[in-house]
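Subject: Structure for your review

Dear colleague,

I am handing over the structure we spoke about, and I would be glad if you would look it over before reading my notes. What I found in it follows below.

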Amino acid sequence: MPKIFQLSPHEAQKIAAGQVVERPANIVKELLENSIDAGASHIQIIIKDGGKELIRIIDNGSGMDAIDAIACFKQHATSKITSVDELPSLTTFGFRGEALASIAAVSKVTLLTKQAGMMEGSLVTAQEGTFERQDAACPIGTDISVAHLFYNVPARAKFIKTKETETRHIVQTIKAMALAYPHLHITLTVDDMLLLNCPAQDDLIGRYAQLWDNATAQHMLPISAINSQKRVSLTGVISDHQWLRYDRSGIFFLVNNRWVTNSGLGRALLKGYNNVLPPGRYPMATVNIIINPALIDINAHPRKEEIIFANPRLVEQLIQEAVCAALEKNLSRQLKKVVTIHQSVAAPSSFAFTPASLSAVDHIPPAIDFTKTISLPPAIEPLQMQQHMPLATEMVTTPAVMPILETAHEPYTIVGQLHKTYIILEKDDGLYLVDQHAAHERILYEIFSNRFAKIPTINLMFPQLIAVDPASIGIIESIIPLLAEHGIVLEPFGKDQLVIQSTPVHLKDASIKEIIEQLIGWIKEEQAVNQQEMMQLLHKKLRAQMACKAAVKAGDSLSHDQMQELIDDLEKTDNRFSCPHGRPTGWLISKAEIEKKFQRRK
Ligand code: ADP
Ligand code: MG
């Protein structure tokens, strides 16, 4: 008996749809591209339940006539090419005519559309491969609703993530489109709440104020470059080195205005920042690469997301150089500015603002408050905050210098502090250098890790409000219990604020906002791991982060008693030989080696 059957065209289409539609954000992208191709200047996007229940896009573009309103759902239906030979020179988004056919195969679509000059518009309902059209009154343009995504393909529906994750992908897609087309008026309503309202802008920087905030817009630097043979050029904006994030979600690449991914481009961008980026920090950027379409292949990916360049080095080199040049220009301007600020606040003369120390500071406030105190754990007195220098780079180690070994429980004498960064100890077997930040970080990390010790917290008399990206509220909600376990008690307040009710004593002066942003960054970067692993990882990260924030910094001067306290605590601490990030807490320069250096011993 034969076993082979041919699938019905509709079943085949449902399977093929998976190529184009993997998640709701892909639909949003396809529909937005269609609206842009249709010349729209105003686009409204309405989302419900992460796009699973509804994706609706209303544009004021050209609209379709009664025939096209049905024809657009047919496979390979496109008004944009008639032969594959036209592909290389195409500048519109669509070109394969499969988006609407695929979307209609796996959801319930309603289309309302009217062309200029027509008396009547069309209302088309598309479901399970059938299409019904009737005349309808509507404005010029297109209003398309995609409801109940994957209702008829349960196997695919299973792969859709939580509402928060899908909403985040959709917001990311819309941000990319808004950045690629600043002159469009775009609005986004999520679950009946207006999340974005971005009227047309003259330039990209104005878009940053709309999509993020004014402060972000002020930290964006324009970049532009053209390759010597004029084969590639680029324009865009990048954040200066004071405005960094904890994840890559602020980086957008466009090729001929089309949002693409390509890991080489991302690497080139980061290389442009040289050693200015601390580990785990990423800039924000929108880089639009203008290149002859014949030198790229955009068809490599079914959703046209990944791009292949005929000569990737050329493009990467251009990005790297443009980024480097823009940062250097900004830095020289910045340095001049900083000097005048320092004179006006009578900064210590030893405070040299070198480019290297600029780099470690995320957000340099307009004037630096040198009188601000930081708090140590209860046993140690508050001390004067000096400057936030980057941790000294790896010590130069010679074989004579060894990490502290298990000999630490001996009497010691504190000799003093070196470079406001290291505590110098004299012991029987030699000279110890202890990194004050790394040591304190380890002590605090172990305190935070002790599950049986209740973390002392303080209730804030005036609960603190902090602003957060509305798109991240979902993630924050999912980590509220985790934060509470660590003494950070907060709840969402409106769509873009958090109210902090209590914090661990150790953290009272540290930036909770920064800690939360960093956690959100990790969650976004670590999406691959499963829920349980993720929670364990987050507990660890949060502890390390709290320890790092609460610990004394390199550059803080410590009194003799404070050093004593720190070393005593370190001696009592588990895992005392390295900080939570794996750097050594101290080094021994052995007595024998010192004697050898002074030729007292051979
Ligand atoms: P493609 O964009 O690749 O041509 P689609 O399936 O996305 O294929 O769309 C099919 C056709 O439907 C388009 O070529 C266009 O003529 C028409 N169309 C789709 N969306 C719109 C819209 N928002 N406004 C006007 N025409 C549209
Ligand atoms: Mg299309």
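Among contacts in the protein chain between residues at least 6 apart in sequence, what percentage join residues at least 24 apart? The value is 70%, and please keep in mind throughout that this is a predicted model.

To begin with the chain as a whole, there are 602 residues, of which buried residues make up 50%, and the chain holds 17 helices and 25 strands. Its accessible surface comes to about 29500 Å², with 56% of that area belonging to carbon and sulfur atoms.

The ligand site

Ligand 1 has 20 residues around it, and those that come nearest are N34, T78, S79, K80 and G97. By class, the shell around ligand 1 divides into seven nonpolar, nine polar and four charged residues, and the helices α2 (24–37) and α4 (99–105) each supply at least two residues of that shell. As for individual atom pairs, a nitrogen atom of ligand 1 is 2.9 Å from an N or O atom in the side chain of D59, whereas the backbone is involved at two further places: an oxygen atom of ligand 1 lies 3.3 Å from a backbone N or O atom of A99, and an oxygen atom of ligand 1 is 2.9 Å from a polar backbone atom of L100. On its own, ligand 1 has 540 Å² of accessible area, and the protein covers 92% of it.

Helix α2

Since α2 contributes to the shell around ligand 1, I looked at this helix in some detail. At 1.5 Å a residue, its 14 residues should span 20 Å, and the end C-alpha atoms are indeed 20 Å apart, so the expected and modelled spans agree. The helix is mostly covered, with twelve of its 14 residues buried, among them P24, I27, K29, E30, E33 and I36. D37, which also has its place in α2, has a relative accessible area of 23% and is therefore partly exposed, given that buried means under 20%. The C-alpha atoms of D37 and G61 are 8.3 Å apart in space, although the two residues are 24 apart in sequence. Just after α2, G39 takes a positive phi of about 80 degrees.

Two further positions

F131 lies in strand β5, which runs over residues 130–136. With a relative accessible area of 27%, F131 is partly exposed, and, leaving aside its neighbours within four places in sequence, F131 is in contact with I70, F73, A104, T125 and A126. A71 is 60 residues away from F131 along the chain, and the C-alpha atoms of these two residues are separated by 9.8 Å.

Q518, for its part, is placed in helix α14, residues 512–525. Is Q518 buried or exposed? Its relative accessible area is 10%, and because this is under the 20% cut-off, Q518 counts as buried. Apart from neighbours within four places in sequence, Q518 is in contact with Y246, R281 and Q545, and in the case of Q545 a polar contact of 2.3 Å joins the two side chains.

With kind regards

Notes. Residues numbered from 1 in each chain as written. Chains lettered and ligands numbered in written order. Heavy atoms only, no water. Near = heavy atom within 4 Å. Polar contact = N/O pair within 3.5 Å; in protein donor to acceptor, adjacent residues only side chain to side chain. Areas by Shrake-Rupley, 256 points an atom, 1.4 Å probe, with all protein chains shown as cover. Helix = DSSP H or I, 4+ residues; strand = E, 2+ residues; numbered from the N terminus. Nonpolar A, V, L, I, M, F, W, Y, C, P; charged D, E, K, R; others polar. Buried < 20%, exposed > 50% of the residue type's maximum accessible area, 1.4 Å probe, protein only. Contact = heavy atoms within 4.5 Å. Expected span 1.5 Å × (residues − 1).
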